[in-house]
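Welcome! Please take a moment to look at the model below before reading on.

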Number of protein chains: 2
Amino acid sequence: MEEVDAAARKVRVRDLITGRSVWETYDQLLFGTGALPLCPELPGSDAVEICGINTLESGLEIRRRLDQGGIKKVVVVGGGYIGLEMAEALIKNNLEVSLVNRPSQVMETLDEDMGALVSQALRDVGVALYLEETLTAFETSLGKVTGIVTDKRTLPADLVILGLGVRPNTELAAAAGVPLGEKGSIRVNARMETEIAGIWAAGDCAESFNLVSRKPFYVALGTVANRHGRVAGINLGGGYATFPGVVGTAVTKICHLEVARSGLQEKELRNLGLQWDSAVIKSRTKAGYYPGAGEITVKLLAERGSGRLLGGQIVGAEGSAKRIDVVATALHAGFTVEEMINLDLGYAPPFSPVWDPVVTAARELAKKL
Amino acid sequence: MEEVDAAARKVRVRDLITGRSVWETYDQLLFGTGALPLCPELPGSDAVEICGINTLESGLEIRRRLDQGGIKKVVVVGGGYIGLEMAEALIKNNLEVSLVNRPSQVMETLDEDMGALVSQALRDVGVALYLEETLTAFETSLGKVTGIVTDKRTLPADLVILGLGVRPNTELAAAAGVPLGEKGSIRVNARMETEIAGIWAAGDCAESFNLVSRKPFYVALGTVANRHGRVAGINLGGGYATFPGVVGTAVTKICHLEVARSGLQEKELRNLGLQWDSAVIKSRTKAGYYPGAGEITVKLLAERGSGRLLGGQIVGAEGSAKRIDVVATALHAGFTVEEMINLDLGYAPPFSPVWDPVVTAARELAKKL
């Protein structure tokens, strides 16, 4: 699709085989144009071994390069979900991995204290971590990358992977006059319809609503995109469905360490002008005496005064990450931490201590409020 | 403690070393007398190898008997949590295990269709299952058990383990005139105080409130007992705390199969005169393509008309059981299944399919309502 004439309800479509463009009419139009990886315009960035990861094909391309051999040193730029997952995959392939990150800890969607646990885990599995460093250039030789340059050093590299985040792919929508919202994503109502009748949007190109901050929110995640698609599909098909919004849940892992977050983090609370208290507790993933019990750290944040849960972050051993679902569900419900103390969560020694770690964190936080 | 004089605020306490009894006064009295295992009065039940499991000591006693050697065949009577956990432990110790159960499936706190999955798992790990059979007698020789007799057959046994459930240990409270409630447990208010001023109760001897049925409820579980104790302790110490109630969550496992339930099951809904619909879905514990993804079956029940979630049951591979916490939290929140469809739960391939199995079940159930 090359162009949209919203007034005439027509789109110009190019046939990829013949190369010919034709105008087609539509009754309803859905933008599902997704997101594009952020690529810095820096010296040397046209060297071929520099890969962003946003499609199956880009993953296969990295696989092919590794299989060709000759690659020993890899630099990953960016300490978010993609950067961490790539670092894990590369370390497991016995490569020498460096990770360069502009913020002072990896996982910027966590607070710094929780992010520090993830940074340490990366070091523990052998990743050389360069925090608070900014990528300034790529070093190349004969069109191939040989290293990267930061504001502090030069790192040799046979392959560079960029995980610098994404932006919504909305040029076409913008050109058609469709109003954009958060971070340039397509503004939609709860039915996933844009401000132009008959034009809809869903997935990584579309805006969401944050049920905790009560504000428009942009998040590019598969779960959210799927739910967008379901709601848009029902409505396009003549039904009625709404997507109330998200609470900002995300999970990942780096080797044996699981990482999860939901709701708002301190940075966001500060920007919203909210007053909050937080508690961080350490517990075990199973009963302490049960074989395989691992450490889990849970942080909860709640509004000072009301005690309303505002967010949670979890870092820990196997069995930690999905415990964030209790935090997410409690955020949907608008629970206070006091209400969370009495949640009737599942307990048996192979699954949890008697007091679930999330509830233990709620107990500690309730004491401060 | 042998006797309570509530009017005089006195208790008669026996010194276990000297054997002497003395009357002591109290300001506040807490019953934490727990529960006692149900023991049938049947021919041969005084034979020594017949063990109920309710204390650490009774567990150690079974361990000692096994370590002495000579035990090959064990019969477990009762297909609840204790029966299943003992069957698992015994099978792992390479013993020949039979399990006798009066209902038509094990795990009576699940609906029959979900219980059947657990019965099959028991057979798969090598347990000989005798369903719809009632224990009628023990066979003994020289004061030692040699087998059990049901209404259908005789089974030889070197050791018999009884897991027939528990009853609240409330004789002392009843004798003191403290009113009892559900299944003979001590009736308490939300502060865990009995109907007699200055007398409190907590743990397996005390009644709870079921937040889904909105009725008094008796459940003997460690999590509930712990939360009872916290609330009673705060109140006894001069503070103010309440225990709103439980939603009936429980989890267990039999070898690799995890089992979980929360809320009300069909039998309870029928007794309450409620109209409901249910959906059962099969999904995977991780993204289908991810190594180690296992099968998970989720059943959800909701009120016909309103769509209010009434209960959930989960049976599946590793990573299944604690997903019940989302169901439990949603029950606390009073969510409809429609509201559950848009829960922002954690997704990454190592942890879940894009649509979490609990949400998939909610989607299927919403179609029926």
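This briefing covers how the two chains meet, one strand and its neighbours, and the domains.

This is a predicted model, in which local features need pLDDT of at least 70 and side-chain atom pairs count only at pLDDT 80 or more, while totals for chains, interfaces and linings use all residues. Residues are numbered from 1 along each chain as its sequence is written, and chains are lettered from A and ligands numbered from 1 in the order in which they are written.

**How the chains meet**

- A turn of 180° with a shift of 0.0 Å along the axis lays chain B on chain A with an RMSD of 0.0 Å (copies are superposed by least squares on the C-alpha atoms of residues with pLDDT of at least 70 in both). This is the relation of a two-fold axis.
- Chain B and chain A each give 36 residues to the contact (two residues are in contact if their C-beta atoms, placed from the backbone, lie within 7 Å).
- On the side of chain B that touches chain A, α5 (222-236), β18 (250-254) and α7 (324-333) of chain B each supply at least two residues (helices, H or I with at least four residues, and strands, E with at least two, are DSSP runs numbered from the N terminus). The largest share, eight residues, comes from α7(B).
- Sorted by class, this side of chain B has 21 nonpolar, ten polar and five charged residues (Ala, Val, Leu, Ile, Met, Phe, Trp, Tyr, Cys and Pro count as nonpolar, Asp, Glu, Lys and Arg as charged, and the others, Gly among them, as polar).
- The copies meet through the same surface, because 100% of the interface residues of chain B are also interface residues in chain A.

**Strand β7 of chain B**

- Four of the five residues of β7(B) (residues 73-77) are buried, so this strand is largely enclosed by the rest of the structure (buried means that 20 or more other C-beta atoms lie within 10 Å of the residue's own, with C-beta atoms placed from the backbone).
- Five bridges pair β7(B) with β8(B) (residues 96-101) in the parallel sense (strands pair if DSSP finds at least two bridges between them). Here Lys73(B) stands opposite Glu96(B).
- β7(B) also runs parallel to β13(B) (residues 159-162), joined by four bridges, with Val75(B) opposite Val160(B).

**Domains of chain A**

- The assignment for chain A gives domain 1 (3-31 + 170-236), domain 2 (37-166) and domain 3 (250-368) (the bounds come from an automatic or database domain assignment).
- The centres of domain 1 and domain 3 of chain A, taken over C-alpha atoms, are 35 Å apart.
- In chain A, four residues of domain 1 are in contact with nine residues of domain 3.

Key:
Buried ≥ 20, exposed ≤ 12 C-beta atoms within 10 Å, placed from the backbone.
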